[in-house]
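Trainee: Could you take me through one part of this model in detail? I would like to look closely at how its pieces meet.

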Amino acid sequence: MRHAFSVRIGPVGFRVGSAWPQPIAAMRRLYAGYPPPRDGIADFTVRLEPTRPWRRWLRPSAMVRGDFTLPDAAPLPLAQGLLAAEMGMNLQMALGARRWLLLHASCVERDGRALLMSGHSGAGKSTLSALLGERGWRLLGDEFALLDPASGVIHPFPRPVSLKNEAIAVMAAEVAADRLGPLIPGTPKGDIRHLRPAADALARMDEPATPAMLLFPRFGASADVRPMGAIETFVRLTQASTNYVVLGEAGFAALTGLVRGVPAMAIDYPDTAAAIDLVERLWAETAR
Amino acid sequence: MPPAGDVPPSGAGATRRRLMLGAAAASTVVTIRPALAATVGSVMNCEVPVPDPRLGAGKWIDGRGQLVDAGTAGSFRPPNRPLKAEDIRKAMQGANFPGADYETSRAYMAYIRKLQNGMSGFTCYQSLQMPRA
Amino acid sequence: MPVYRVDPPACRLSVEAEGMTLLYHRPSGITHVLLPPAPEILTALADGPADPATLAARLAVSHAIGDGDGEDAAAVIAARLGELAAVGLVAVAPGIGGRVAG
């Protein structure tokens, strides 16, 4: 590829190639301070290519290709090339990761213990983890939690946080401007802006944490907490995992171990301030 | 067979555990079918060609979502471009596709609902069916 | 009555919680959530192929059977076996007077 960028995020090395310079330049800025892949060798490759050769110049749109691809994938306009690269990296993890049970969850850490937050897109888990990451917690990741089947620990995967719509202003008020990527308007998910995690999240990206609490947040009329049993938690997490089936027995053992060892709750919250209060209170009361 | 309640559930020295059989019509097995498509879909941009070009190039769509010859009465010209995931999500909630009227949009949705594994767009549509608040 | 058989116990990993059983079936790689009496039926059937009536007798030895809604135990167990066969956890034993479970 004409243009390329390599980066390591926790235990995973990526190489992103692009037919155009713009997405690579944006990645270099966004990923300032991240290390290169170990021994220079990437685990996964993502390529941003024109759908047809002439589409490199004419109404350029980037098709995401890589080691693992999805049928029906649609190209994105070149102006959204950074998002295309991020989606491509997510897809490689979702389809290709074998060393960990991947949970679609955000994760923060304090005192070596991890708080996992899983839920549907739009439930606010990304915003919540980003805010906690600025308020005394270490961000382990906003998209995927990497559960180690052998040890039960969570490996950090501190990608830039994908802020959507209202969350952009919330976080812009919270962090230095140089940690925010470009505003990408009009994407399939609305406006998107990436946030580079705080310096300690990058510096300690090789330091795993032991799961201590599982939350399933969602917006609600008022703050509410409902303890969740091990079975319901297990079933919900199988639905939140991209590779539960692929991992087979190791996935079953990892997930049953997690839900038996860690308290889980569904929480409703009316706004992010209430959510932060709720999380802190539950953590103080519950996390062992 | 002893009636229920003869033996305490966990009495001292009890060697026989109590077992409620329940009703024949009850269901006691739930098989977990992880929704790979849901999670993958949430990290990807995808689209559905209507119709699948390998199966119905040049065909139109009737009100029940079947492919019919172009110009057939009561059928609709297919969209010029594959339908975007976000537009399908909105159409599933009753909205029309961009540039399409109500009847046409319903015909496209009827086609999409009939997609089978292996057809273009199936994975994309699967990913949209998963609930996400 | 069809005769059913089940894979040896080593083919199943199970974890109990809240009165339910999470079961991983090694040959298929599929996970199931079971409610009573399904796990007990699998355990009893592991002693050897059996029809519903035979299984009901086996279960009555190891358990105090509550018949719940007053239905015939063998009929309930037959329904459970049909359900377990449909998801591949038990199978009709070939050549022992069985028929294919529907």
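Mentor: Happy to; we will start with the contact between two chains and then turn to the two domains inside one of them. Keep in mind that this is a predicted model.

Let us begin where chain C meets chain A. Eleven residues of chain C and eleven residues of chain A take part in the contact. Together the two chains bury about 1,100 Å², and carbon and sulfur atoms give 74% of that area. On the chain C side, the residues that lose the most area to chain A are Val15(C), Leu22(C) and Tyr24(C), which together make up 45% of what that side buries.

Now for the polar part of this interface. There are five residue pairs in polar contact across it, with both residues at pLDDT 80 or more. One salt bridge is found between chain C and chain A. Its partners are Arg26(C) and Glu249(A), whose closest N and O atoms lie 2.5 Å apart. As for secondary structure, the elements of chain C that give two or more residues to the side touching chain A are β2 (12–17), β3 (20–25) and β4 (30–34). Of that side, β3(C) supplies the largest share, four residues. Sorted by class, the chain C side has eight nonpolar, one polar and two charged residues.

Next, look inside chain A, which is divided into domain 1 (3–96) and domain 2 (101–286). The centres of these two domains, taken over C-alpha atoms, are separated by 24 Å. In the contact, 24 residues of domain 1 of chain A touch 26 residues of domain 2 of chain A. The domains bury about 2,000 Å² between them, with 67% of it on carbon and sulfur atoms. Within domain 1 of chain A, Leu30(A), Tyr34(A) and Met93(A) lose the most area to domain 2, together 26% of what that side buries.

The domain interface has its polar part as well. Three salt bridges are counted between domain 1 and domain 2 of chain A. In a salt bridge of chain A, the side chains of Arg8(A) and Asp206(A) meet at 2.8 Å, N to O. Nine residue pairs are in polar contact across the domain interface, both residues being at pLDDT 80 or more. On the domain 1 side, the elements giving two or more residues are β1 (3–9), β2 (12–18), α1 (21–30) and α2 (81–96) of chain A. The most comes from α2(A), with seven residues. By class, that side of domain 1 divides into 16 nonpolar, four polar and four charged residues.

Conventions. Residues are numbered from 1 along each chain as its sequence is written. Chains are lettered from A and ligands numbered from 1 in the order in which they are written. This is a predicted model: local features need pLDDT of at least 70, side-chain atom pairs count only at pLDDT 80 or more; totals for chains, interfaces and linings use all residues. Side-chain values use heavy atoms; hydrogens and water are left out. Contact means heavy atoms within 4.5 Å. Buried area is the accessible area (1.4 Å probe) that two parts lose on being put together, summed over both. A salt bridge is a side-chain nitrogen of Lys or Arg within 4 Å of a carboxyl oxygen of Asp or Glu. A polar contact is a pair of N or O atoms within 3.5 Å; within protein, one must be able to donate a hydrogen and the other to accept it, and residues adjacent in sequence count only if both atoms are side-chain atoms. Ala, Val, Leu, Ile, Met, Phe, Trp, Tyr, Cys and Pro count as nonpolar, Asp, Glu, Lys and Arg as charged, and the others, Gly among them, as polar. Domain bounds come from an automatic or database domain assignment.
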